[in-house]
Amino acid sequence: MDLNLPEDVRMFGDTVRRFVQRELDPIADEVEESGHIPEAVVQSMRDLGLFGLVIPEQYGGLDLSAVGLCVVMEELSRANLCFRILITTNNGIGSLGLLYAGTEEQKRRHLPPLASGEKIGCFALTEPEAGSDAASLRTTATATADGDHYILNGSKIWITNADRADYFTVMATVDRKLGSKGLTAFWVERDTPGLTIGRIEPKMGLHGTQVAEVILEDCRVPTNARLGAEGEGFGLAMRVLDHGRLSIAASAVGAAQRLVEAMIDHANTRVQFGKPIARNQAIAWMLADSATEIEAARGLVRMAAWKKDQGERVTRECSMAKLYCTEMACRVADRAVQVFGGMGYMRGNIAERYYRDLRVYRLYEGTSEIQRLVIARQLLNP
Ligand SMILES: Cc1cc2nc3c(=O)[nH]c(=O)nc-3n(C[C@H](O)[C@H](O)[C@H](O)COP(=O)(O)OP(=O)(O)OC[C@H]3O[C@@H](n4cnc5c(N)ncnc54)[C@H](O)[C@@H]3O)c2cc1C
């Protein structure tokens, strides 16, 4: 594994870092308070190509390697995680199902507007009764007698970016008795009759982006909206999630890095008992532990990404990276609140915001327990 970043990746990472410092960092708190990202900033993100990082060049994207994607995710997570959340569905769960299993005609039609950020994609798997146990989902896909359409019925919850999405990768079952072997993926467009957006759920953090319910009531989609064959949906979802987990892991590293920098600044300037609090070993060790864990986490992410770029199947490595990096980032956020003291508990403080925002990284795209399950399964049944 080459630890040096390729020159183009390094340069693009620097460009994103400058963009984050110049345009995103100054509005990080405003996004938190207002609950949305200003349109002018979204446009700047489009102009930089951020919506099409992983989409191949022939469909208008930047076609970044996995290592490149991880570098960008780290940088983009240094201001407010919502900036990453906004682009992450187009760069992962909301586009990859189509990229991996769509027809050439579907890709030519839908990937370019996703790459440019003109359209937003999302991924609708979770249901009220099916979270970690995704294979038990209840949304049905029933083929019509003439074989030209499917009728989708069911409801999805907490779907990231659904409120503004144009395209929905919907997971449904063609036969519940088949379990995971019945799962089938569909590409559903926003204006399809029968698809409606339900409640936008208030949440603990990530206030600048929304999650919403997606309701499918006799939603009729053409047969060619199916991604892959009937029964291939579960495998497709797992492949898409491998990628998503790596992206979250990299983001967790970037967030933790930003927090440790904020902790260092504060520890050097906050004076108690006549000296900066950094001069107390209790505080210095929190910084040392955090910095060490961040380096270990970054190494794990880069290794998984590098292996992915070599064409290896990296399910285990992506789960390891997500597990370690997200738990690490939450530990760092907890220490950051401690180092900031009471200030770290107050609204408007960076530690307070990241403490809340990062918590979900241990839950979605597979909880920490599910990552352990995936890793253990591979260890026990190599
Ligand atoms: C902010 C946010 C955004 C989201 N965005 C999306 C999205 O865009 N698309 C989408 O489809 N979903 C999305 N989700 C849903 C998310 O993926 C699920 O919340 C997650 O998969 C966990 O499912 P659950 O919440 O139903 O928890 P449950 O499955 O009910 O789990 C509850 C607890 O039990 C544990 N548990 C469950 N099974 C086991 C087991 N076998 N062994 C050990 N422990 C177990 C879990 O780890 C967890 O601690 C989002 C969720 C949130 C909070």
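Two residues are taken to be in contact here when their C-beta atoms, placed from the backbone, lie within 7 Å. All the views below come from a predicted model.

**View 1. Helix H11 and its packing partners.** The buried residues of H11 pack against H2, H5, H8 and helix H10 (315-340). Eight of the 10 residues of H11 (residues 350-359) are buried, so the rest of the structure largely encloses this helix. Look for Ile350, Ala351, Glu352, Arg353, Tyr354, Tyr355, Asp357 and Leu358: these are the buried ones.

**View 2. Where domain 1 meets domain 2.** The domain assignment splits the protein into domain 1 (7-116), domain 2 (121-229) and domain 3 (235-380). Between domains 1 and 2, the C-alpha centres are 23 Å apart, and 23 residues of domain 1 touch 16 residues of domain 2. On the domain 1 side, helix H2 (28-34), helix H5 (81-88), helix H6 (96-101) and helix H7 (104-116) each supply two or more residues. H5 chips in the most, with four. As for chemistry, that side breaks down into 10 nonpolar residues, 12 polar and one charged.

**View 3. The largest nonpolar core.** This core runs to 120 residues, and Phe186, Ala252, Val301, Cys325 and Ala329 have the most contacts inside it. Helix H8 (residues 233-269) is the top contributor, giving 16 residues.

**View 4. Zooming in on Phe186.** Phe186 is one of the residues with the most contacts inside the largest nonpolar core. Skip its neighbours within four places in sequence, and Phe186 is still in contact with Ala141, Tyr150, Leu152, Val170, Ala172, Val221, Ala225, Arg226 and Leu227.

Technical notes:
Residues are numbered from 1 along each chain as its sequence is written. This is a predicted model: local features need pLDDT of at least 70, side-chain atom pairs count only at pLDDT 80 or more; totals for chains, interfaces and linings use all residues. Domain bounds come from an automatic or database domain assignment. Ala, Val, Leu, Ile, Met, Phe, Trp, Tyr, Cys and Pro count as nonpolar, Asp, Glu, Lys and Arg as charged, and the others, Gly among them, as polar. A nonpolar core is a set of buried Ala, Val, Leu, Ile, Met, Phe, Trp, Tyr and Cys residues joined through C-beta atoms within 7 Å. A residue is buried if 20 or more other C-beta atoms lie within 10 Å of its own, exposed if 12 or fewer, and partly exposed in between; C-beta atoms are placed from the backbone.
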